[in-house]
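Student: Please show me the structure first. After that, I should like to ask how its descriptive terms are justified.

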Amino acid sequence: MTFDVLDPTNEKQVEATGLAPRLATFKGKTIGIVTNEKEGTKGYFRHLDRLMREELGVKDVVWRAKANYSAPVGAAIVEEMARWDAIVTGIGD
Amino acid sequence: MTVQRPLASRRHRADDIGAVQELYHSKGWTDGLPIVPPTEAAVRACLDWAVMDPDQLVGIEPVRELAITAEKLAINAVMAGCLPMHFPVVVAAWQAMLKDEFLLHGISSSTGGCAVLVVLNGPIRLEIGASGTFNALGNSDRATSVIGRSIRLALINLMDVRPGSIDRSTLGHPGKFSYCVAEDEEDMTWEPLSVVRGVPEGLSAVTVFAAMAPRQVMNEWSTDPKDILETFAAEMRANQLHYSIYGGNYTIVIPKQLRDHLQAAGWTKRTIAEFLHERARVRRGEWANVGKGAVVRDRADKVFPALGSPDDLLVVAAGGPAGGFGAVIAPWMGSKTRAVTVAIGACVDCEPPKPATPAIN
């Protein structure tokens with residue numbers, strides 16, 4: 001017996017967004033760190049902060065924390081991101 | 001003659017029932033168990049029962065803005081084994097899950113690995129044969145089994161909550177196959193959970209809760225309500241120390257044997273909640289006793305209640321008639337998610353009725 005059955009997925013194609021252009025250099029740039037403040041992130045981001053400033057010549061590293069580590073970042077931080085040259089996020093548990 | 005709106009979903013053809021199973025498994029559309037083929041007739045029967053058009057929007061997942069339509073929920077409900085009469089419950093559960101405070105994306109993607117517990121209240125339990133007695137948190141009956149399963153299948157297929165994809169659970173638990181319980185309203189003097197949470201008496205309702213696995217407790221050696229509830233409090237404290245110290249909604253399930261002692265002594269769900277609010281709390285310093293001394297820091301004396309207020313406790317009367325058991329079901333992660341209760345068949349986004357315009361004389 002043949003069955004005609006229906007697709008259970010949402011079938012919506014997620015619109016792909018391109019990657020942001022790569023920075024040619026870190027020198028003199030402002031880099032944002034958006035952390036979920038989980039324990040495992042702390043040492044990692046501190047190390048990265050030092051590395052970016054001391055070895056890559058980053059001018060400023062701005063730290064911001066999500067209010068809820070399982071929810072999207074707040075609107076105020078999103079607005080602030082527009083003023084940064086690059087962002088590091090999504091790492092750590 | 002009414003004109004049926006067409007179903008929008010893509011069709012697939014399979015030669016026989018075995019081919020249907022292999023098709024769905026191979027595409028990652030199942031939970032690993034066999035499914036009921038979602039034919040157009042079966043899906044339409046669900047929609048007709050709930051008086052819903054296929055493209056009716058049940059809600060939008062707030063983080064990734066995924067539209068959840070009646071048609072897609074019905075397909076997944078059929079796959080889970082739902083009959084048409086189960087479908088309004090599934091829809092209501094999704095309406096509740098899509099409320100911001102439930103934090104659906106967070107609870108379904110977290111390494112914490114919780115499941116969505118669905119609690120049923122009201123007359124619909126009897127109409128669909130949902131049982132709140134024997135084996136209440138297990139495979140107690142067809143209705144709760146398939147309703148709970150439909151939640152998981154729809155998460156998998158509509159939100160890509162697949163292990164290793166959006167679902168990043170480290171362990172998960174068996175409730176992720178199906179986690180649904182009906183309250184035993186016919187054998188309790190207490191208010192149903194839905195009424196406690198504001199739904200008018202006599203209406204059917206669902207409560208959804210981002211829940212860890214049930215932790216079974218036992219106290220067959222006292223009839224004193226305080227003794228019985230101390231056992232529940234101890235389990236809640238244990239969860240705070242062994243899992244997460246942060247307070248939030250907790251569910252406790254109280255089967256008949258212990259419930260009878262509490263009810264005979266005049267305890268209500270409210271007095272139970274007030275008692276546990278006082279008794280289920282730990283000092284941060286106690287973390288040092290369970291291997292977590294490294295994060296006590298300078299806050300050893302800070303007290304963490306399991307319940308932010310008595311209102312945070314969900315007391316569910318369910319379970320078989322014999323056995324001095326109960327269960328504590330902890331929240332996924334403190335108060336980051338909140339339990340949500342909605343009436344079945346009610347519009348969750350309707351504006352409240354406008355006050356009558358005063359007459360101008």
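Student: Which residue is the bridge partner of A:Thr35 in β3(A)?

Tutor: The partner is A:Ala65. Strands such as β3(A), like helices, are DSSP runs numbered from the N terminus: at least two residues of E for a strand, at least four of H or I for a helix. This is a predicted model, in which local features need pLDDT of at least 70 and side-chain atom pairs count only at pLDDT 80 or more, while totals for chains, interfaces and linings use all residues. Residues are numbered from 1 along each chain as its sequence is written, and chains are lettered from A and ligands numbered from 1 in the order in which they are written.

Student: What makes strand β2 and strand β3 of chain A a pair?

Tutor: Two strands pair if DSSP finds at least two bridges between them. Strand β2 (residues 30–35) and strand β3 (residues 60–65) of chain A are joined by six bridges and run parallel, so they meet the condition. Between β2(A) and β3(A) the chain passes through helix α1 (residues 39–56) of chain A, in a right-handed β-α-β crossover. That term applies if, with the strands pointing away from the viewer, the path from the first strand over the helix to the second runs clockwise.

Student: Why is A:Glu37 called partly exposed?

Tutor: A residue is buried if 20 or more other C-beta atoms, placed from the backbone, lie within 10 Å of its own, exposed if 12 or fewer, and partly exposed in between. A:Glu37 has 13 such neighbours within 10 Å, so it is partly exposed. A:Glu37 is in the loop between β2 and α1 of chain A, and it has a positive phi of about 65° although it is not a glycine.

Student: What makes chain A more spread out than a compact globule?

Tutor: Chain A has two helices and four strands, in the order β-β-α-β-α-β. The radius of gyration is taken over C-alpha atoms, and the globule rule is 2.2 Å times the number of residues to the power 0.38. For 93 residues the rule gives 12 Å, but chain A has 19 Å, well over that value, so it is more spread out than a compact globule. Its C-alpha trace spans about 70 × 30 × 25 Å along the principal axes, and 11% of its 93 residues count as buried.

Student: How does chain B stand against the rule for a compact globule?

Tutor: With 361 residues, chain B would be expected near 21 Å; its radius of gyration is 22 Å, which agrees. Chain B has eleven helices and twelve strands, and 48% of its residues are buried.

Student: How do you know that the length of helix α7 of chain B fits its number of residues?

Tutor: The expected span of a helix is 1.5 Å times one less than its number of residues. For the 18 residues of α7(B) (residues 142–159) this gives 26 Å, and the end C-alpha atoms are 25 Å apart, which agrees. Of those 18 residues, 16 are buried. Just after α7(B), B:Asp160 takes a positive phi of about 60°.

Student: What does α7(B) give to the largest nonpolar core?

Tutor: A nonpolar core is a set of buried Ala, Val, Leu, Ile, Met, Phe, Trp, Tyr and Cys residues joined through C-beta atoms within 7 Å. The largest one has 112 residues, of which B:Ala93, B:Val118, B:Val206 and B:Val208 touch the most other members. Its largest share, ten residues, comes from α7(B).

Student: Why is helix α3 of chain B called mostly covered?

Tutor: In α3(B) (residues 70–80), eleven of its eleven residues are buried, among them B:Glu71 and B:Lys72. These buried residues pack against elements that include β1 (3–6) of chain A and α7 of chain B. Just after α3(B), B:Gly81 takes a positive phi of about 105°.

Student: Why are B:Ser165 and B:Val51 called exposed?

Tutor: B:Ser165 has 12 other C-beta atoms within 10 Å, so it is exposed. B:Val51 has 10, so it is exposed as well. B:Ser165 lies in the loop between α7 and β5 (180–182) of chain B, whereas B:Val51 is in the loop between α2 and β2 of chain B. B:Val51 also has a positive phi of about 55° although it is not a glycine.

Key:
Two residues are in contact if their C-beta atoms, placed from the backbone, lie within 7 Å.
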